[in-house]
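Biologist: Hi, I have a new model open and would like to walk through it with you. Could we start with one of the loops and work outwards from there?

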Amino acid sequence: MIDIHPDQARTLAAIVAKGSFDAAASHLSVTSSAVSQRIRALEVAVGRPVLRRTRPIELTESGQAVVRFARQLEMLSADLADELQPGNANPDTRLTLVINSDSLHTWALSGLAAVAGTVQLEILREDQDYSLELLRSGAAAAAITATAKPAPGCTSRRLGVMRYLPVCTPAFAEQWFDGGAAFDGAGAAEALAKAPVIIFDRKDDLQDRYLRRFSRKPLAPRRHYVPAAHEFGEAIRLGMGWGLLPEIEIGDDLDQRTLQTLAAKSFVDVPLHWQQWRYGSAVLDGVAAAIQDAARVLR
């Protein structure tokens with residue numbers, strides 16, 4: 001059985017959080033030599049390296065597991081304190097979550113607002129296809145992700161499906177898609193190869209996922225990168241290009257005909273899942289319940 005001393009685990013977590021051995025020593029009020037000794041003892045206990053002494057410092061897979069343990073221990077300690085002193089609930093408990101920009105922009109904040117009085121939240125914004133890395137590394141306790149399979153040491157629950165519609169302004173459709181007639185036949189691929197498209201950032205594959213439906217050959221239209229959820233939608237509404245927006249965001253736009261879909265019954269569905277540390281805390285479970293309640297607006 002591997003015996004990990006809590007102080008060793010907390011020291012590794014401090015190194016990652018503060019960026020260096022010296023900064024971790026200052027944070028923990030110990031000497032740099034003590035930090036080095038704790039890490040050496042930890043690696044002996046684990047039987048393999050827990051970090052790579054690069055700039056910035058990188059955790060190995062074993063180091064990621066130890067950091068998750070340290071942060072889970074911190075949350076469990078807060079739970080114990082609340083149980084031993086039930087009249088002194090501690091709203092200073094800190095919790096780091098990873099939430100994709102569209103969920104944050106459209107539905108997730110209402111759930112987080114319901115628990116904001118019981119916990120301090122740090123929200124890391126990351127694409128749903130990349131959020132698991134922050135969960136694996138121990139940087140976050142939970143994440144909204146497109147992956148159903150649980151990450152190591154985590155549980156996974158289905159939240160629902162975020163449906164995206166490819167939309168543009170009527171004027172843009174008239175200019176680039178002949179008012180929509182281009183989608184009646186083989187002209188769709190040719191039109192999409194030329195029409196400017198709005199992309200969130202370099203990690204965003206959603207628009208290309210839609211484009212791949214129309215051609216085996218990669219289509220390479222002119223691209224505008226707009227890495228903010230509100231501004232992404234505004235760029236489309238201003239006619240800079242077409243793009244995929246959450247269906248739950250654009251009901252009024254479609255009703256008022258300020259936006260139109262590129263083609264009837266055309267959409268991209270993205271399944272969303274809530275993954276969190278298996279050994280979390282009452283606070284984390286409360287946040288999970290609030291997120292699941294807010295996610296009822298999804299399909």
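Modeller: Happy to. K265 sits in the loop between β10 (260–261) and β11 (268–277). Keep in mind that this is a predicted model.

Biologist: What is the phi of K265 like?

Modeller: Phi is positive there, about 55°, although K265 is not a glycine. Most residues other than glycine have a negative phi.

Biologist: And is K265 buried or exposed?

Modeller: K265 is exposed, with a relative accessible area of 83%.

Biologist: Which other residue that isn't glycine has a positive phi?

Modeller: S29, with phi near 60°. You'll find S29 in the loop between α2 (21–28) and α3. S29 is exposed too, at a relative accessible area of 68%.

Biologist: While we're on backbone geometry, where is there a cis peptide bond?

Modeller: Look at the bond from R55 to P56, where omega is near -5°. P56 belongs to the loop between β1 (51–52) and β2 (58–59).

Biologist: Let's zoom out. How many helices and strands are in the chain?

Modeller: The chain has 12 helices and 11 strands. Its C-alpha atoms fill a box of roughly 70 × 45 × 30 Å along the principal axes.

Biologist: How much of the chain counts as buried?

Modeller: Of the 299 residues, 46%. As for contacts with a separation of 6 or more, 74% of them join residues 24 or more positions apart.

Biologist: What does the largest nonpolar core look like?

Modeller: That core has 57 residues, and W107, F177 and W242 have the most contacts inside it. Helix α12 (residues 282–294) supplies the largest share, seven residues. Another core, of 19 residues, lies apart from it and has I4, L12, A13 and V66 among its members.

Biologist: V66 is in α4, right? Tell me about that helix.

Modeller: Yes, V66 is one of the buried residues of α4, along with others including G63, V67, A70 and M75. The helix runs over residues 61–84, so 24 residues by its count, and spans 35 Å from first C-alpha to last, close to the 34 Å expected at 1.5 Å a residue.

Biologist: I'm curious about the glutamines in there. What does Q72 touch beyond its sequence neighbours?

Modeller: Leaving aside neighbours within four places in sequence, Q72 is in contact with G153, W277, R278 and Y279. Q72 is buried, with a relative accessible area of 10%. Its C-alpha is also 9.2 Å from that of G138, and those two residues are 66 apart in sequence.

Biologist: And Q64, what is that one in contact with?

Modeller: With the neighbours within four places set aside, Q64 is in contact with L59, E133, R136 and S137. Q64 is buried at a relative accessible area of 13%.

Biologist: New topic: helix packing. How does α1 sit against α3?

Modeller: Helix α1 (residues 6–18) and helix α3 (residues 32–46) pack at an angle of about 115°, and their axes are 9 Å apart. The crossing is left-handed. On the α1 side the residues are D7, Q8, T11, L12 and I15, and they meet V35, R38, I39, A41 and L42 of α3.

Biologist: And how does α1 pack with α2?

Modeller: There the angle is about 115°, with the axes 8 Å apart. α1 passes α2 in a right-handed crossing. T11, A14, I15 and K18 of α1 make the contact with F21, A23, A24, H27 and L28 of α2.

Biologist: One more helix, α8. Which of its residues are buried?

Modeller: In α8 (residues 187–194), the buried ones are A188, A189, A191 and L192. They cover an arc of only 165° around the axis, which puts them on the same side of α8.

Biologist: Why would residues that aren't next to each other in sequence point the same way?

Modeller: An α-helix has 3.6 residues a turn, so residues three or four places apart point the same way.

Biologist: Nice. What do the buried residues of α8 pack against?

Modeller: They pack against α7 (170–176) and α9 (206–211). On the other side of α8, E190 and K194 are exposed.

Terms used
Residues are numbered from 1 along each chain as its sequence is written. This is a predicted model: local features need pLDDT of at least 70, side-chain atom pairs count only at pLDDT 80 or more; totals for chains, interfaces and linings use all residues. Side-chain values use heavy atoms; hydrogens and water are left out. Buried means under 20% relative accessible area, exposed over 50%, partly exposed in between (1.4 Å probe, protein chains only). Helices (H or I, at least four residues) and strands (E, at least two) are DSSP runs, numbered from the N terminus. The arc is that of the directions from the helix axis to the C-beta atoms. Contact means heavy atoms within 4.5 Å. A nonpolar core is a set of buried Ala, Val, Leu, Ile, Met, Phe, Trp, Tyr and Cys residues joined through side-chain atoms within 4.5 Å. Axes are lines fitted to C-alpha atoms, for helices over the stretch in contact, and angles run from 0 to 180 degrees between N-to-C directions. A crossing is left-handed if the near helix is turned anticlockwise from the far one by less than a right angle, and right-handed if clockwise.
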